[in-house]
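Hello,

Here is the structure I promised to pass on to you. Please open it first, and then read on for what turned up in it.

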Number of protein chains: 2
Amino acid sequence: MSKQNNNALFLGPKSENHKFFKEMLNSLMDEHIFWRRDFHPDDKSSISHNEQRSEDFCATEDNIQEALYDLSNKLKTSSMPWFSTRYLGHMNSDILLPAVLGYMAGILYNPNNCAYEGAPATTGMELEVGIQLGIMLGYEPDKTWGHIASGGTVANYEGLWYARNLKSIPLAIKDVAPDMLDGLDEWLLLNLSVERVLELVEQVKTDGLLDSVLKRSVRSIGVNTEKIGKLLVPQSRHYSWDKSVDIFGLGCDNLVPIQVKDDYRMDISCLKSAIDDLVDKKIPILGVVSVVGTTEEGAVDEVHKIVELRKEYEKKGINFYYHIDAAYGGYARTVFLDENSTFIDYDKLIERLNKDNFIDGKVKWPSRNVYEAFKAMPDADSITIDCHKMGYIPYPAGALVVKDKRILDILTYKAAYVEGENDPMLLGPYIMEGSKAGAAAASVWVTHRTVPLNITGYGKIIACSIEAADYFYKCIKEIQPFEAANGRKYTATALTSPDFNVVVFAFNEVGNTDLEKMNELNERIYNRCSYVSGPVYQKKFITSKTILTDHEYGDVPGSFVSKFEIPETEWFRVKKVYVLRACIMSPFLANNTTFKEYWSRFIQIMKDIVGE
Amino acid sequence: MSKQNNNALFLGPKSENHKFFKEMLNSLMDEHIFWRRDFHPDDKSSISHNEQRSEDFCATEDNIQEALYDLSNKLKTSSMPWFSTRYLGHMNSDILLPAVLGYMAGILYNPNNCAYEGAPATTGMELEVGIQLGIMLGYEPDKTWGHIASGGTVANYEGLWYARNLKSIPLAIKDVAPDMLDGLDEWLLLNLSVERVLELVEQVKTDGLLDSVLKRSVRSIGVNTEKIGKLLVPQSRHYSWDKSVDIFGLGCDNLVPIQVKDDYRMDISCLKSAIDDLVDKKIPILGVVSVVGTTEEGAVDEVHKIVELRKEYEKKGINFYYHIDAAYGGYARTVFLDENSTFIDYDKLIERLNKDNFIDGKVKWPSRNVYEAFKAMPDADSITIDCHKMGYIPYPAGALVVKDKRILDILTYKAAYVEGENDPMLLGPYIMEGSKAGAAAASVWVTHRTVPLNITGYGKIIACSIEAADYFYKCIKEIQPFEAANGRKYTATALTSPDFNVVVFAFNEVGNTDLEKMNELNERIYNRCSYVSGPVYQKKFITSKTILTDHEYGDVPGSFVSKFEIPETEWFRVKKVYVLRACIMSPFLANNTTFKEYWSRFIQIMKDIVGE
């Protein structure tokens with residue numbers, strides 16, 4: 001079998017594959033055109049040739065054309081050139097060609113995956129994709145369930161929805177069928193394991209008591225914040241978690257941020273202390289969230305250690321829901337899977353990555369910690385994963401995957417007009433959203449069919465991204481003070497060795513010991529490398545930025561500041577550091593020779609900008 | 001100026017406008033191709049011609065092609081033929097040609113409207129579209145604000161989010177700045193008007209106290225169901241409202257369904273009783289929701305009467321939030337607007353609709369009640385409106401529009417990496433979703449630019465839909481018992497005279513007095529006219545169904561049952577009636593001659609199916 005050629009999978013930074021793209025697009029369009037014509041071929045046309053030549057008709061077409069060109073002009077004037085390697089900012093790059101075409105084809109048919117009836121073709125694709133993602137994340141094929149959400153934010157909400165409603169189930173069962181939970185006091189009921197609660201749900205369902213139980217659960221009686229408990233999240237969490245506790249009625253006061261270490265991974269000892277502290281106070285723990293690929297740093301939380309910790313607490317009778325926010329990093333699990341979706345042994349993986357040239361032998365990735373984190377993912381109860389990030393799919397396409405689909409029973413909402421005993425696949429009642437594009441499912445489905453969810457498919461693309469990120473990181477790390485156009489000397493440093501493909505870095509003038517001045521410098525660089533200083537189409541390099549503050553991270557960013565010649569006291573004075581952030585998703589930067597050329601151009605651009 | 005020709009605005013049931021469609025699509029595609037090529041023209045290609053001829057490359061292209069054809073086959077085999085007038089079921093029809101092309105163009109650029117930085121072109125479009133919708137709904141241009149959500153479900157959630165968080169603000173202010181609310185007890189604080197609370201928010205913002213207030217609001221401390229109160233919704237509500245009270249921590253027990261009348265509009269006297277009852281018990285009223293275009297019946301709640309009622313209660317010191325769920329009917333407000341977005345006087349409207357032949361003079365639409373309901377919409381605090389329903393836009397594109405944008409201050413969430421003092425337009429922190437497709441905004445924007453939001457644009461399309469629905473309704477109403485293929489006689493009746501463009505109807509055998517038998521008949525018809533009995537592509541007519549039950553509607557559907565020769569006792573025995581439901585969105589059924597032909601074919605199809 002021929003190997004996947006990554007370069008054939010994208011339109012390309014210079015539209016290199018435009019012929020193939022257009023050929024396929026026109027073909028899909030023709031398929032649709034004739035699909036319409038062939039539906040009851042004897043039905044008459046609704047629009048005559050004569051009418052098409054009329055003044056009104058032509059004028060309306062002219063209006064459409066004018067508006068579309070106006071749209072095109074606006075899109076061209078200020079859209080972000082994700083496709084170019086000159087763009088290293090947010091989680092964007094060129095997207096997969098089959099994904100774009102699949103989305104476009106989907107739109108022509110405009111299916112609505114809210115209910116099977118509105119999308120007999122694409123509802124099945126959505127659920128198929130959900131299981132594919134479940135398998136890729138290590139879940140059991142016959143137990144897992146997943147679906148496409150509009151994005152990771154909504155997927156995170158759904159994870160919290162499961163966790164919150166599940167927490168209230170044992171108390172509800174105690175009300176309805178006290179014998180089932182004889183001898184358990186409230187504290188014990190709020191500390192049953194997820195597995196145990198799902199068994200109980202199955203039991204009450206069999207006994208015909210599920211409806212009564214749901215009527216006593218949070219879903220019906222509303223939130224009692226004291227009984228629902230606290231949600232523990234790393235400081236590095238996405239801000240959707242802050243929105244989520246507001247939305248779900250828990251309140252931000254019930255969100256407990258756990259300190260990260262200076263590698264920006266959640267500090268497990270802090271997590272343990274926080275749990276112990278809550279247990280001492282008899283405050284239930286609603287759930288723990290960890291992140292695989294933090295938004296700001298690309299850090300990978302030590303999932304394996306959290307899983308281990310959870311097992312320890314389980315022995316002590318303390319249980320909580322565990323959700324992984326792998327919106328960004330989730331697809332990287334494909335790098336670890338062989339053609340049978342088996343998680344490859346560490347040594348074999350390293351050997352295969354290097355031998356088959358997936359990753360340059362000089363790139364030491366994954367570290368053992370990152371490897372173990374990805375390996376342990378299937379112990380989580382649910383996982384958020386965004387197809388429109390490392391899945392290289394167009395927006396909008398996030399996903400939520402659960403370990404055990406029995407959990408769906410606690411959420412069901414059915415409406416008469418979407419109900420039917422024969423409805424094989426009904427999404428609306430189990431998810432937050434209602435009407436939703438089947439086109440997104442078509443896009444993900446056709447892409448997964450083209451690019452396998454293992455090392456030979458997605459893994460091969462993501463490995464390129466990781467390799468390029470490692471090159472970029474090493475170049476920043478080993479940078480020698482350089483003279484900019486203004487004759488002054490500058491240097492740079494990276495925040496951390498990347499767990500994945502994000503490099504956070506900052507410049508400083510050699511000799512500068514003022515953190516505010518350093519922040520100003522980086523802000524100036526960002527402004528020059530972003531929309532802030534004018535249309536991005538004119539820019540030579542485009543990146544993103546973030547500001548690490550004590551409000552978010554405590555004093556952890558202080559250690560980064562002291563990598564420069566800046567005294568620690570400056571951190572305590574200024575309490576924030578402005579940094580540049582490059583999510584290196586582009587598949588066109590791997591290969592040492594390509595990258596060397598790229599880097600020398602990059603440094604030249606920086607010399608010009610810094611020295612302005 | 002030439003008039004809009006509706007037929008030029010769609011691809012057409014027989015792909016009649018395929019040449020123009022393909023020409024524009026290829027043009028937009030070429031624009032994108034050269035946009036990439038022209039970005040730093042001196043940058044080298046990443047993919048060589050030589051590589052494109054390699055075995056791996058060609059094999060990868062073959063894989064893509066095979067997968068895309070497989071997708072196309074699946075789409076063609078079982079997608080719903082929305083485009084055909086043979087489809088009269090859910091809220092679907094052919095969609096607008098500029099909308100489809102705008103979406104496709106958007107996908108090529110793949111903007112992310114979460115933050116301006118990810119979509120400098122389309123974020124502006126989204127906010128522009130939001131204001132356009134606000135103006136169309138009668139809000140003041142400089143006060144209103146709106147945005148595109150993934151759908152009406154999420155827009156409804158956002159409406160509840162505003163209502164819930166706003167309700168908690170006065171109590172929070174009382175904590176932080178008691179002097180501002182001197183002399184007001186808790187009951188009075190929970191009964192301040194929306195306008196008054198927004199003034200208070202503005203005041204605390206000016207005083208630099210907003211953050212402290214938010215920290216005492218539900219957003220931070222979580223839900224206290226007793227203080228938040230009850231949400232009053234009509235029985236005819238969309239089921240997203242049931243999900244919403246679960247999600248927002250209020251619990252379904254705090255959702256109060258208000259009885260509908262036999263026209264399926266909320267019974268205002270029941271609403272009044274429910275409010276009085278709650279006030280007597282000193283239970284606060286969180287909000288009232290009414291529906292413009294109910295999902296099942298297309299009924300238009302009497303918004304003007306609710307607005308009047310709210311004013312009466314305001315005088316008594318009882319206040320609540322008012323949200324309109326116009327997901328379906330919202331765009332129909334364009335029928336009432338002249339070229340200056342002025343709501344047209346009733347008599348002038350009727351005259352203009354008939355004189356300019358927007359609607360056949362025999363069609364008596366709108367009734368005075370429906371007219372007044374649409375007129376009163378701008379008194380609501382927020383409105384849900386789905387572009388992907390009566391906006392004829394592809395999925396996903398819903399929208400939420402607020403009357404007074406000061407309400408955004410109570411929701412803001414900012415993340416450092418999307419923050420920036422100069423960010424002119426930042427969506428993420430104000431909405432539920434995070435990453436979101438700029439393509440949806442591009443689609444709506446280009447379509448609004450082509451099809452004005454008034455009687456000459458959208459109004460002209462929607463008028464066709466209303467006219468066809470009226471024809472359909474009258475044909476059902478005046479149907480004579482007909483002999484089916486099996487030699488038996490059947491008749492039909494419609495549920496109500498349509499407020500909008502939905503016709504709900506059922507068949508019965510002449511002489512049958514058994515409701516269960518009648519239900520079986522209609523279920524059999526539905527099964528034959530849907531995916532249930534095999535691929536829809538083979539079907540002669542496709543529709544949707546719903547089941548009206550006492551659980552949802554009390555005994556209201558009994559009056560429909562008694563329109564047949566079925567005794568009232570049957571309703572009390574069976575408690576549910578199975579009905580067919582046709583949302584007549586197609587613009588290709590207006591014009592009496594066309595419809596007559598259509599109807600005779602429809603009846604023939606029914607004779608065959610009923611008589612099988």
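What span should the 15 residues of helix α5 (residues 122-136) of chain B have at 1.5 Å a residue, and how far apart are its end C-alpha atoms? The expected span is 21 Å, and the end C-alpha atoms of α5(B) are 21 Å apart, so the two values agree. Please keep in mind that this is a predicted model.

Let me stay with that helix for a moment. Of the 15 residues of α5(B), eleven are buried, which leaves the helix mostly covered. Among the buried ones are B:Thr122, B:Met125, B:Leu127, B:Val129, B:Leu133 and B:Met136. And what covers them? The cover includes two helices of chain B, α4 (97-109) and α17 (438-450), along with the strands β2 (145-149), β7 (382-386) and β8 (398-402) of chain B. After the helix comes B:Gly138, with a positive phi near 95°.

Next, the two chains together. Chain A can be superposed on chain B by a rotation of 180° with 0.0 Å of shift along the axis, and the RMSD is 0.0 Å. This is the relation of a two-fold axis. Both copies use the same surface, since 99% of the contact residues of chain A recur in chain B.

How many residues does each chain bring to the contact? Chain A gives 139 residues and chain B gives 138 residues. On the side of chain A that touches chain B, the elements supplying at least two residues each include α1 (18-38), α3 (55-78), α6 (152-176) and β12 (542-549). The largest share there comes from α3(A), with 19 residues. By type, this side of chain A has 66 nonpolar, 46 polar and 27 charged residues.

Within chain A, there are two domains to look for. Domain 1 is made of three stretches, 1-33, 77-96 and 463-612, while domain 2 covers 133-450. Their C-alpha centres lie 31 Å apart. Domain 1 of chain A puts 24 residues into the contact between them, and domain 2 of chain A puts in 28 residues. On the domain 1 side, α18 (458-477), β11 (502-509), α20 (550-553) and β13 (576-583) of chain A each supply at least two residues. The largest share of that side, four residues, belongs to α18(A). Sorted by type, the domain 1 side holds 13 nonpolar, six polar and five charged residues.

Finally, some backbone details that you may like to find for yourself:

- The peptide bond from A:Trp365 to A:Pro366 is cis, with omega near 0°. A:Pro366 sits in the loop between α15 (346-355) and α16 (368-376) of chain A.
- In chain B, the bond from B:Trp365 to B:Pro366 is also cis, with omega near 0°. B:Pro366 is in the loop between α15 (346-355) and α16 (368-376) of chain B.
- A:Asn110 is not a glycine, yet its phi is positive, near 50°. You will find A:Asn110 in the loop between α4 and α5 (122-136) of chain A. A:Asn110 counts as buried because 27 C-beta neighbours lie inside 10 Å.
- A:Lys575, another residue that is not a glycine, has a positive phi of about 65°. Its place is the loop between α22 (568-574) and β13 of chain A. A:Lys575 has 15 other C-beta atoms within 10 Å, so it is partly exposed.

Enjoy looking around!

Best wishes

Key
Residues are numbered from 1 along each chain as its sequence is written. Chains are lettered from A and ligands numbered from 1 in the order in which they are written. This is a predicted model: local features need pLDDT of at least 70, side-chain atom pairs count only at pLDDT 80 or more; totals for chains, interfaces and linings use all residues. Copies are superposed by least squares on the C-alpha atoms of residues with pLDDT of at least 70 in both. Two residues are in contact if their C-beta atoms, placed from the backbone, lie within 7 Å. Ala, Val, Leu, Ile, Met, Phe, Trp, Tyr, Cys and Pro count as nonpolar, Asp, Glu, Lys and Arg as charged, and the others, Gly among them, as polar. The expected span of a helix is 1.5 Å times one less than its number of residues. A residue is buried if 20 or more other C-beta atoms lie within 10 Å of its own, exposed if 12 or fewer, and partly exposed in between; C-beta atoms are placed from the backbone. Domain bounds come from an automatic or database domain assignment.
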